[in-house]
Amino acid sequence: MRTQVYDVAELNEEALRNIDVAGKILAEGGLVAFPTETVYGLGANAMNPAAAADIYLAKGRPSDNPLIVHIADISQLEKLASGQMEVALALAEAFWPGPLTMILPKQKCVPDVTTGGLNTVAVRMPQDAAALELIRRAGVPVAAPSANLSGRPSPTAGAHVIQDLFGRVDVILTGNDCRIGIESTILDLTGEKAVVLRPGLLTPEELGTVLGYIPEIDPGILKKPGSEEGQNPAPRAPGMKYKHYAPKAPMEIFSGDPRRVRQAIADKKAAAEAEGKAVGVILFEENAFERAAHDLFARLRDMDDRGVDLILAGAVNDRDSRGFALMNRMLKSAGYRITHV
Ligand code: TXA
Ligand code: MG
């Protein structure tokens, strides 16, 4: 497939013309990758089953893993979703456009392919100006997973998307690096109480200011999926059960007192290098969660490009909700290999 790449970092006249072309391609059933403030998305017309199905093909994604439907206006929410709309609208007013995805019962018009066969739908209004412009010009809700090949780290720069999807999609819009760098917080509003299905930089405490209580975190994501068979509930967001974000090299996390963590990493690095291995190290500045989130996936991709044999990482403080979201991504990247020192 011929892929057009358009730079939309600055929304000048030329960029808007190209976004208009991309919007028409979306409306007609094509695939367009675009920047958002969290990670890049791979978009298709959410209301067109054939177009949504093409997303799974382009990404190599399992078809039981539902897509997030992106909208550009709060009024589109009621056309797609039903259920606890008062709560949903209050959350939308407070946090949209932004890194919040809400799960609600779906309206009939939303195709099963888009929701992976579920009777619920995930909806989000992204904050990135190019993304909003694209969705407006498409004139339809846009189903979009992260724009990586299935199993690779989510893309946070245009170059990552080109690396994974060039030749597989109609258009790639490249913009600035994603401001946030990890995917949106997913909040399930289908039960009596809201539940966080995927942690993100928008925290349960912040959601609590609108909900009136701090939502619990889906217990299914707290441990390695499939560990302790029978006791460990499956994650309620189907995508959270997959090994995600995996860099090519094995990754190991060390947690504990920061000085001991640095020492353990230095020792392990020296030992691996003595065996002729190339070792990559990821150590974030303490409590600099936003910076770390911004950098994590790019660092993992960089390790892939450099062809390292082993990645050693220091745990971040997961008592902070933003640190917890970050550790969720790091643990998945490491296949839950963590050593306390
Ligand atoms: O920040 C984001 O959310 C990015 C950007 C592009 O908006 N998108 C993203 O999409 O991360 P994706 O497909 O990589 O992750 C979507 C997650 C998956 O874990 C999926 O299982 C879950 O959302 N999901 C989607 N619809 C759902 C539903 N109806 N019920 C439960 N989980 C759902
Ligand atoms: Mg993804």
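A polar side-chain atom of Thr 38 lies 2.7 Å from an oxygen atom of ligand 1. This distance, like every other value in this report, was computed from a predicted model.

**Ligand 1 and its surroundings**

Thr 38 shares this kind of polar approach to ligand 1 with two further residues, Asn 65 and Arg 124. The table sets out the three contacts.

| Residue | Side-chain atom | Ligand 1 atom | Distance |
|---|---|---|---|
| Thr 38 | polar atom | oxygen | 2.7 Å |
| Asn 65 | N or O atom | oxygen | 2.7 Å |
| Arg 124 | polar atom | oxygen | 3.0 Å |

Considered on its own, ligand 1 exposes 690 Å², and the protein buries 97% of that area. The space that ligand 1 takes is the largest pocket.

The shell around ligand 1 holds 29 residues, of which Thr 38, Asn 65, His 70, Ser 184 and Gly 239 come nearest. Thr 38 and Asn 65 thus belong to the nearest group and also make polar contacts through their side chains, Thr 38 at 2.7 Å and Asn 65 at 2.7 Å. By residue class, the shell divides into 16 nonpolar, 8 polar and 5 charged residues.

Which strands each supply at least two residues of this shell? They are strand 4 (68-70), strand 6 (120-124) and strand 10 (195-198). Strand 6 gives the most, with 4 residues.

**The sheet behind the shell**

The strands that contribute to the shell are part of a broader arrangement. An open sheet of 11 strands runs in the order 1-8-2-3-7-4-6-5-9-10-11, with mixed pairing. Its edges are strand 1 (4-7) and strand 11 (216-217), each of which pairs on one side only. In this order, strand 6 stands between strand 4 and strand 5.

Strand 5 (residues 100-105) pairs with strand 6 in the antiparallel sense, over 5 bridges. Within this pair, Leu 104 stands opposite Val 121 of strand 6.

Strand 10 pairs with strand 9 (residues 185-188) in the antiparallel sense over 3 bridges, and Val 195 of strand 10 stands opposite Asp 188. A hairpin of 6 residues joins strand 9 to strand 10. Towards the edge of the sheet, strand 10 pairs with strand 11 in the parallel sense over 2 bridges. There, Val 196 stands opposite Ile 217 in strand 11. Strand 10 therefore has an antiparallel partner in strand 9 and a parallel partner in strand 11.

**Backbone exceptions**

Most residues other than glycine have a negative phi, and most peptide bonds are trans. Two sites in the model depart from these tendencies.

Is the peptide bond from Trp 96 to Pro 97 cis or trans? This bond is cis, with omega near -10 degrees. Pro 97 is placed in the loop between helix 4 (85-95) and strand 5. Strand 5 is the strand that pairs with strand 6.

The second site is Asn 287, which has a positive phi of about 60 degrees although it is not a glycine. Asn 287 lies in the loop between strand 13 (279-282) and helix 9 (289-306).

Technical notes: Residues are numbered from 1 along each chain as its sequence is written. Chains are lettered from A and ligands numbered from 1 in the order in which they are written. This is a predicted model: local features need pLDDT of at least 70, side-chain atom pairs count only at pLDDT 80 or more; totals for chains, interfaces and linings use all residues. Side-chain values use heavy atoms; hydrogens and water are left out. A residue is near a molecule or strand if one of its heavy atoms lies within 4 Å of it. A polar contact is a pair of N or O atoms within 3.5 Å; within protein, one must be able to donate a hydrogen and the other to accept it, and residues adjacent in sequence count only if both atoms are side-chain atoms. Accessible areas come from the Shrake-Rupley method with a 1.4 Å probe; for residues, only the protein chains shown count as cover. On a 1 Å grid over the protein atoms alone, a cavity is a set of points where a 1.4 Å probe fits but cannot get out, and a pocket is an open set with protein on both sides within 12 Å along at least five of seven lines; lining residues have an atom within 4 Å of a point. A molecule sits in a cavity or pocket if more than half of its atoms lie within 2 Å of its grid points. Ala, Val, Leu, Ile, Met, Phe, Trp, Tyr, Cys and Pro count as nonpolar, Asp, Glu, Lys and Arg as charged, and the others, Gly among them, as polar. Two strands pair if DSSP finds at least two bridges between them.
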